[in-house]
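Here's a quick tour of one protein model, with its pockets and its paired strands as the two stops. Have a look at the structure first, then work through the notes below.

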Amino acid sequence: DDKVPWAKDEAGKLGGNKCELFVTGAVLHLRGVQSQPVCDEEGNILLWNGEVFGGTPTVKVDENDTCAVLKALREREKTESIVDTMKKVNGPYAMIYYEKKTG
């Protein structure tokens, strides 16, 4: 897909136009069927290990936390920082986030 400048292989290697990014992490529990890291249509990348117990984003029982967090980061107000967005998450987590527009 030419809209997504990143592609992921089975080893978790992400490659783009002129660079490569290697991320690794241990995911203790997956809710839903979702491999990691997650890339969205804008080229943002999230590797997430955590649990959203409340706050923002709201995660339904059958929904994947990683996808919900990536959506919240992508849809945040232009004046809101990544840190401010993540302060709204209730629950333990560790993450690696690459935002393409600020890359």
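A pocket here is an open set of grid points with protein on both sides within 12 Å along at least five of seven lines. Keep in mind that this is a predicted model. With that in hand, the second largest pocket comes out at a volume of about 150 Å³, and the largest pocket at about 190 Å³.

**The largest pocket**
- This pocket has a volume of about 190 Å³, and of its 13 lining residues, Thr56, Pro57, Lys71, Ala72 and Glu75 are the closest to the centre.
- Helix α1 (residues 65–74) is the top contributor to this lining, giving 3 residues.
- Sort the lining by class and you get 7 charged, 3 polar and 3 nonpolar residues.

**The second largest pocket**
- Among the residues lining this one are Glu42, Asn44, Leu73, Arg74, Glu99 and Lys101.
- Its lining counts 8 charged residues, with 1 polar and 1 nonpolar.

**Strands that pair up**
- Strands β4 (residues 38–39) and β5 (residues 45–50) run antiparallel and are joined by 2 bridges.
- One pairing to find is valine 38 with its bridge partner in β5, leucine 46.
- The β4 and β5 hairpin has 5 residues between its strands, and glycine 43 there takes a positive phi near 90°.
- β5 also pairs with strand β8 (residues 93–98), again in the antiparallel sense, over 6 bridges.
- For that pair, look for leucine 47, whose bridge partner in β8 is isoleucine 96.

How values were computed:
Residues are numbered from 1 along each chain as its sequence is written. This is a predicted model: local features need pLDDT of at least 70, side-chain atom pairs count only at pLDDT 80 or more; totals for chains, interfaces and linings use all residues. Side-chain values use heavy atoms; hydrogens and water are left out. On a 1 Å grid over the protein atoms alone, a cavity is a set of points where a 1.4 Å probe fits but cannot get out, and a pocket is an open set with protein on both sides within 12 Å along at least five of seven lines; lining residues have an atom within 4 Å of a point. Grid points are joined across faces, edges and corners, and a volume is the space filled by probe spheres set on the points. Helices (H or I, at least four residues) and strands (E, at least two) are DSSP runs, numbered from the N terminus. Ala, Val, Leu, Ile, Met, Phe, Trp, Tyr, Cys and Pro count as nonpolar, Asp, Glu, Lys and Arg as charged, and the others, Gly among them, as polar. Two strands pair if DSSP finds at least two bridges between them.
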